[in-house]
Protein chains: 2
Amino acid sequence: MAVLEFFYDFVSPYSYLASERVEELARRTGALLRLRPFLLGGVLKATGNQAPVETPAKYRHLKVDLERWSRRLGVPLNFPAAHPFSTVLAMRCALAAAAKGLVVPFTHAAFRAAWAEGLDLTRPEVLALVASRAGADGPALVASAPAYKETLLAETEGAVKRGAFGAPTFFVGEEMFVGNDRLDFVEEALRHASGA
Amino acid sequence: MAVLEFFYDFVSPYSYLASERVEELARRTGALLRLRPFLLGGVLKATGNQAPVETPAKYRHLKVDLERWSRRLGVPLNFPAAHPFSTVLAMRCALAAAAKGLVVPFTHAAFRAAWAEGLDLTRPEVLALVASRAGADGPALVASAPAYKETLLAETEGAVKRGAFGAPTFFVGEEMFVGNDRLDFVEEALRHASGA
C-alpha cells in the first residue's frame, strides 16, 4: 500500500487547505495517510527560505490567492488578524495528540480554529479547547505538550534532511511535492505507486 | 474584449511553461493577449523577494517540479547548465521586437532557445539568431536593444506598482495572478470578464 506523508504547520494557510483534501485523496487512491506535524519556522531557518510575510507584495497577494482557493474548494477561510503566529506549543500538542491516536481530529480542529474561526492557537486554553473537540482531555494534553519538544525538533530536522523547505510538504516514498497546488501531482504519484 | 497581460522574463522557467500555454488560453476565452517583457531581477530587488536559487533546497526541488510540468504539458525542458543568467540584453531585445510587431515570435524563439535548446541568451550572437528566427534582421535588432533600456525599467517598475513580485505574472484588469500553476484561475477570470 502506498503511503502519503503530509508535513504541515498550523501557521500555513496552504497546509490548512491541503488538510481539508488529503483524506479524500488518500481514499481515492487507496493510500495510507500519515500526518506529520512539524515546525515551519524551523524549516525556514534551516534552509534559508523566506516566509511570505517577509515580502510585503507577496504577502498581500497571498491573501487574494487564498480567497480564490477557498471559493474553489468550498473551504471556509478567514485570514487571522494576527499572523504569522507562533505554533511551537500547537505543534507539540499535535504530537501529543498523535501519541494518543488523535492526530487526525486534533489537526482538523486546530486548523479550523485558526483559519475558519479566528481563534488564537498561541493560547493554551484555545489549544485545550481544540484538544477537547478532538476527543482528548484538553488541559491534560496541553500540559503534556512540553514533553514533545525534542520530538518536534527531530521531526522538523528529519523533513529538512529529506529536502523540505516549506509547507505543506508531501512525500510518496522519497518523491517530494510542495504546496496545496501540487496535490494533483501527488495523486498521480500515488496511482503510479499502487499500480492503478 | 477581455485583455490578458502576461509579464515574463526569459530567466524564469515557469514563465517559459506559461508562454507555451497562454495563446491557446486566450483563444479559448476570446481574450486579447498582451505580452509584457519585464526584468525579474528588478522586480525581486524592488520587492525584497528572493530568487529560488537563494534557497538551495528550493532550487533543487524546482528542477524536479519542472520535470513534472514538462511531462504533463508535453513541453520540452532542459534546465540550462548556467542558471540564473542575466537577461538584461534579452529583455531589451524583446522590447525591440515588440516595437517591430514581432514580440510573439521573438518570445517563443527566446524561451525555446534557453529552455529547450540550451543556448546562452546572454550572448548577442545568440540573441541575433533568435531575432532572425522571429523574422527580424537579427544583428540590427540586437544593435537597437540599448535604446530600450529606459522602457524596460519603466515596464518593470510599472508591474511592481501594480503588485508584481515574481514571474510569470498575469493581469486581467487589475486582478493579478502569479505562476504557471494559476492559469486555471486566469481562465476563470477571463470567462467571467467576457460574460461567458
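The following paragraphs lead through selected helices, loops, salt bridges and a surface patch of a predicted model.

Helix H9 of chain B is a suitable starting point. This helix comprises 13 residues, 149–161, and at 1.5 Å a residue it should span 18 Å; its end C-alpha atoms are 19 Å apart, which agrees. Within H9(B), the residues Leu152(B), Thr156(B) and Ala159(B) are buried. Viewed down the helix axis, the buried residues of H9(B) fall within an arc of 65°, so they line one face of the helix. A general property of helices helps in reading this pattern: an α-helix has 3.6 residues a turn, so residues three or four places apart point the same way. The other side of H9(B) carries Glu150(B) and Lys161(B), which are exposed. What, then, covers the buried residues of H9(B)? The cover includes strand S1 (3–8), strand S2 (32–37), helix H3 (40–47) and helix H5 (88–99) of chain B. Just after H9(B), Gly163(B) adopts a positive phi of about 120°.

Helix H3 of chain B, one of the elements covering H9(B), may be examined in a similar way. Its buried residues are Leu40(B), Val43(B), Leu44(B) and Thr47(B). They cover an arc of only 95° around the axis, which puts them on the same side of H3(B). On the face turned away from this buried side, H3(B) carries the exposed residues Lys45(B) and Ala46(B). The buried residues of H3(B) pack against H9 of chain B together with helix H4 (56–73) of chain A. Just after H3(B), Gly48(B) takes a positive phi of about 80°.

The loop that follows H9 deserves attention in both chains. In chain A, the peptide bond from Ala167(A) to Pro168(A) is cis, with omega near -5°, and Pro168(A) lies in the loop between helix H9 (149–161) and strand S3 (169–172). In chain B, a cis peptide bond joins Ala167(B) and Pro168(B), with omega of about 0°; Pro168(B) is found in the loop between H9 and strand S3 (169–172) of that chain.

Salt bridges are the next topic; over all chains, the count comes to 35. One of them links the side chains of Glu24(A) and Arg27(A), at 3.3 Å from N to O. These two residues are 3 residues apart in helix H2 (residues 22–29) of chain A, which means that they are separated by about one helical turn. Glu24(A) is partly exposed, with a relative accessible area of 39%, whereas Arg27(A), at 60%, counts as exposed.

Which residue of chain A forms a salt bridge with Asp65(B)? The partner is Arg182(A), and the closest N and O atoms are 2.8 Å apart. Asp65(B) lies in helix H4 (residues 56–73) of chain B and Arg182(A) in the loop between strand S4 (175–178) and helix H10 (183–193) of chain A, so the pair joins two chains. Both Asp65(B) and Arg182(A) are buried. In chain B, Arg182(B) forms a salt bridge with Asp181(B), with the closest N and O atoms 3.3 Å apart. Arg182(B) counts as buried at 8% relative accessibility, and Asp181(B) counts as buried at 18%. A network of salt bridges links Asp65(A), Asp181(A), Arg182(A), Asp65(B), Asp181(B) and Arg182(B).

Finally, the surface may be considered. Met1(A), Val3(A) and Leu32(A) make a nonpolar surface patch of about 310 Å². Met1(A) belongs to the segment before strand S1 (3–8) of chain A and is exposed, with a relative accessible area of 76%.

Technical notes: Residues numbered from 1 in each chain as written. Chains lettered and ligands numbered in written order. Predicted model: local features only at pLDDT ≥ 70, side-chain atom pairs only at ≥ 80, totals over all residues. Heavy atoms only, no water. Helix = DSSP H or I, 4+ residues; strand = E, 2+ residues; numbered from the N terminus. Expected span 1.5 Å × (residues − 1). Buried < 20%, exposed > 50% of the residue type's maximum accessible area, 1.4 Å probe, protein only. Arc of directions from axis to C-beta. Contact = heavy atoms within 4.5 Å. Patch = residues over 30% accessible without salt bridge, like charges linked within 9 Å, V, L, I, M, F, W, Y side chains within 5 Å. Areas by Shrake-Rupley, 256 points an atom, 1.4 Å probe, with all protein chains shown as cover. Salt bridge = Lys/Arg side-chain N within 4 Å of Asp/Glu carboxyl O.
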